[in-house]
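Biologist: Please take a close look at one part of this model, the nonpolar core, and describe the packing there. Then set that part beside the sheets, hairpins and ring contacts elsewhere in the chain.

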Amino acid sequence: MPASGSNVEKVEMIPSNRQVRFFVVMMFVSLVRPEPMRFSVPEETESGSFVAGLTKDLGMALGELASRSARVVSDDYKQHLLLDPQNGDLLLREKLDREELCGPREPCVLHFQVFLEMPVQAFPGELLIEDINDHAPVFPDREVLLKIPENSHPGTLFPLTLAEDLDVGINGIQTYTVSPNAHFNVLTRNNSEGKKYPELVQDKALDREEQAELSLTLVALDGGTPPRSGTVLVRVLVMDVNDNAPEFVHSPYEVRVLENSPPDSVILNVLAKDADDGHFGSVSYGFFQASDDIKQTFSINEITGEIRLKKALDFEKVTSYRVEMEATDGGGLTGKGTVFIEVVDVNDNAPEITISSLTSSIPENAAETLVSIFRVGDRDSGDNGKTVCSIPDDLPFILKSTFKNFYTLVTERPLDREIRDQYNITITVSDLGTPRLQTQHTFTLQVSEVNDNAPEFTQSSYTLWVRENNSPALHIGTISATDRDSGSNAQLTYSLLPGPQPGPDAAAALVSINADSGQLFALRALDYEALQAFEVRVRAADRGSPPLSSQALVRVQVLDANDNSPFVLYPLQNASAPCTELLPRAAEPGYLVSKVVAVDRDSGQNAWLSFQLLKATEPGLFSVWPHNGEVRTARLLSERDAPKHRLLLLVKDNGEPPRSASVTLHVLLVDGFSQPYLPLPDAAAPERAQPDRLTAYLVIALAAVSSLFLLSLLLFVAVRLCRRSRARSLAGCALPDGPLPGHLLDVSGTGTLAHSYQYEVCLTGDSGNGEFNFLKPILPKLFVQDAVREVQENPHCGHDFVLGC
């Protein structure tokens, strides 16, 4: 609880845009020095004990201390207190020992400040450490020897050595008593420092011849509850008469000593004189009622009176000493003297930097940002204690002085991590002493990443090539993008953007992309004849928050492969019976017998077709033009030429490797188109019988030298061959009596024909015979691919083609 009513200066929260006005107000507040908050706590209180609630004393709402980053800063560079910013409780950080902190000083007050950030504000406070009676009085010696001349009169006072009690106030020494005796009693008095010391009072004259020595017990009592005491034995030696006491030549003595004086150096020589002669006139020197600190710091020569240093002085701890001396003659009489020793400060302490708040990382692109709050100080005094604070000029930071040696380090401008990702900041504090001393504190400030850079593709557009009939999941290419950011902000994810027309033929259904590497893969085999090229847009997005992205166009070109063999449109090879071309015997050389029409779905040189006559019944009678597939007569016909001819032609493309198809053409020689002719089975029967008889002859010849098993097998094969040949011989071509139903196909010049030709496909379900007529081209060209597709979809139908040129 506070020792008295708290008088806390309430400061209104200042917006960030009024920092200049707030700085002026804070400077004024620091000059006014508001009344500090006062609290008290008994010494030896356990750490973590409650001291006070600052929320009410500071007039703030619950949680405001936490939002303003409140902390407690002690003025003695030690942190004795803790502040819980959530509830505003002020707690003890450690158990406090009043005697260790303040020694004999009373009252024992610890000064501290409650420091607030955002905006910067400070409130002074004082913590009174209340003494408890935890120390008993202690005499410096076990016994005291007191020499009293026998002619001393009743009422004479004899000062005795005082006892030391580390407690103060009522818990300190309050009175002295002496054991009952007939000659002395004791009085309790206060010395110049306010300490109580005993004086022995003579009640009755002494008689050395009657009693030469007395032993008394001196008791020191403090005022605690219960009281504590200390005792010492006082031996009183009755001496012969000595009527002159020593006297110091100068009293008091004053001397100035530099704090950096080495130990064992001479400070002062004191001198005392005694008017007596002989033994009673000899003088010895010593300290009178000296504290332990005096005894540990100084020494005195008993014979010469020379005072020396025993240890180094420290102006920052003790600025002056008051030393009480006594000179004792041979008769036991003493004289008192005082020496005032002033410690002179030298610049032996470097400045100190206390970091109150430090930020190890700040985001890039941020406006003015608080990096650190620190306090500087110097334990020296005068110019030796004045400090100057600075940072290197080439850094984008500014030092601002707030109040009472507090500084803030803020950014001068927004930082860019892509230019520089960290700064090594050195704060230099130097004093104004001679020579100047300085202290440096270096820390590293990291510039944290902000997602401020979108990914960038290495190219604005990409062109990839893939050959058709590729295997699924084939890697067709890789796209790449970079991001100047780092961490997750630079981790890129690739994805395909949906096209305007979704469906199975959309680009997203044809390719996929690896989200991490940007590799593009074909999802299925591509067909150049169905799709030559397609485009897809790819997006690269980083993993920042919010994510940034960019796009690139990817064009995929499908390369043609020679994966389609030539397809023969005419003559059809899948009919139930082959068609026969009619050739008049009066045909001149170069007569156009027929035209082989073929197409190739490939493109380029893979679709360049050439024709070749592989085999003919009558070699030299027919020839085929290699570029257009026209079959013409090579010479005049004669009566010796067979009435039926079979031609085997080869259609080959120009791919690598080349693909080919063969076609069989049947030619029947007739005297004229108006002359009726016998059906093909009757005409072919003699020709079929001759191979059958030859086969039988061969079988009989072989049967003579082979086993019965082989004969049976060959007979079985012969029977099968006979059946098939007879079934084929039943088919023939006849000119129909009326118009044939069908539809027209136009083959453009992209196939094997040099001009556009028109074909009429006749579907006959009963006769199985096919004829052709010469027609003129009447329609524009249609796609050959449609004709191929129709033929492929109807492989079991008979077709009649009418060819016109």
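**The core and its surroundings**

Modeller: Of the 805 residues in the protein chain, 42% count as buried. The model is a predicted one, and everything below should be read with that in mind. The secondary structure of the chain amounts to nine helices and 51 strands. Among contacts with a separation of 6 or more, 68% join residues that are 24 or more positions apart.

The part you asked about comes next. In soluble globular proteins, nonpolar side chains tend to be buried together. Here the largest nonpolar core has 26 residues. Val270, Phe298, Val323, Met325 and Val339 are the members with the most contacts inside this core. At least two core residues come from each of the strands S16 (253–258), S17 (266–269), S19, S20 (298–300), S21 (306–309), S22 (320–329) and S23 (334–344). The largest share, four residues, is supplied by S22.

Phenylalanine 298 shows how these strands meet. With neighbours within four places in sequence left aside, phenylalanine 298 is in contact with Ile267, Phe287, Ile307, Arg308, Leu309, Lys310, Leu313, Tyr321, Val323 and Ile341. One of these partners, Val323, is also listed with the most contacts inside the core. Arg308 and Lys310 are in the contact list of phenylalanine 298 as well.

Strand S19, which supplies at least two residues of the core, also takes part in an aromatic pair. A pair of aromatic rings is described by the distance of the centres and the angle of the planes. The count for the model is 11 aromatic pairs. In one of them, phenylalanine 248 and tyrosine 285 are tilted, with 6.3 Å between the centres and 50° between the planes. This pair links distant parts of the chain: phenylalanine 248 belongs to strand S15 (residues 247–248) and tyrosine 285 to strand S19 (residues 283–287), 37 residues apart. Phenylalanine 248 and tyrosine 285 are both buried. A further pair, phenylalanine 457 with tyrosine 462, is edge-to-face, at 6.5 Å centre to centre and 75° between the planes. With a relative accessible area of 15%, phenylalanine 457 is buried, and tyrosine 462 counts as buried at 5%. Rings also gather in a cluster made of Phe115, Phe403 and Phe406.

Charged groups lie over some rings. Lysine 336 is placed over the face of phenylalanine 288, 4.7 Å from the ring centre. Residue 336 falls within the range of S23 (334–344). Elsewhere, the charged end of arginine 632 sits over the ring of tryptophan 625, at 4.8 Å from its centre. Glycine 620 lies in the loop between strands S45 (609–616) and S46 (622–624). Glycine 620 and threonine 633 are 13 residues apart in sequence, and their C-alpha atoms are 8.7 Å apart in space. Glycine 620 is in contact with Ala634 and Arg635, leaving aside neighbours within four places in sequence.

Now the sheets. One open sheet of four strands runs in the order S8-S14-S13-S10, with mixed pairing. Its edges are S8 (143–149) and S10 (173–178); each has a single partner strand, so one side of each is left without a neighbour in the sheet. Neighbouring strands in this sheet are turned by 25° against each other on average, direction ignored. S10 pairs with S13 (residues 213–222) in the antiparallel sense over five bridges, and valine 178 stands opposite leucine 218 in S13.

Another open sheet of four strands has the order S33-S40-S39-S36, also with mixed pairing. S33 (461–467) and S36 (492–496) are the edge strands, each pairing on one side only. The average turn between neighbouring strands here is 30°, direction ignored. S36 and S39 (residues 533–542) pair in the antiparallel sense over five bridges, with valine 538 in S39 as the bridge partner of leucine 496.

Last, a hairpin. Strands S28 (residues 397–401) and S29 (residues 406–411) pair in the antiparallel sense over five bridges. Serine 401 has tyrosine 407 in S29 as its bridge partner. Four residues lie between the two strands, and lysine 404 in this hairpin takes a positive phi near 45°. Phe403 and Phe406, of the cluster with Phe115, flank this position in sequence.

Definitions and conventions: Residues numbered from 1 in each chain as written. Predicted model: local features only at pLDDT ≥ 70, side-chain atom pairs only at ≥ 80, totals over all residues. Heavy atoms only, no water. Pairing = 2+ DSSP bridges. Axes fitted to C-alpha atoms, helices over the stretch in contact; angles between N-to-C directions. Phe/Tyr/Trp six-rings, centres within 6.5 Å; stacked < 30°, edge-to-face > 60°. Buried < 20%, exposed > 50% of the residue type's maximum accessible area, 1.4 Å probe, protein only. Lys NZ or Arg CZ within 6 Å of the ring centre and 35° of its normal. Contact = heavy atoms within 4.5 Å. Core = buried A, V, L, I, M, F, W, Y, C linked by side-chain atoms within 4.5 Å.
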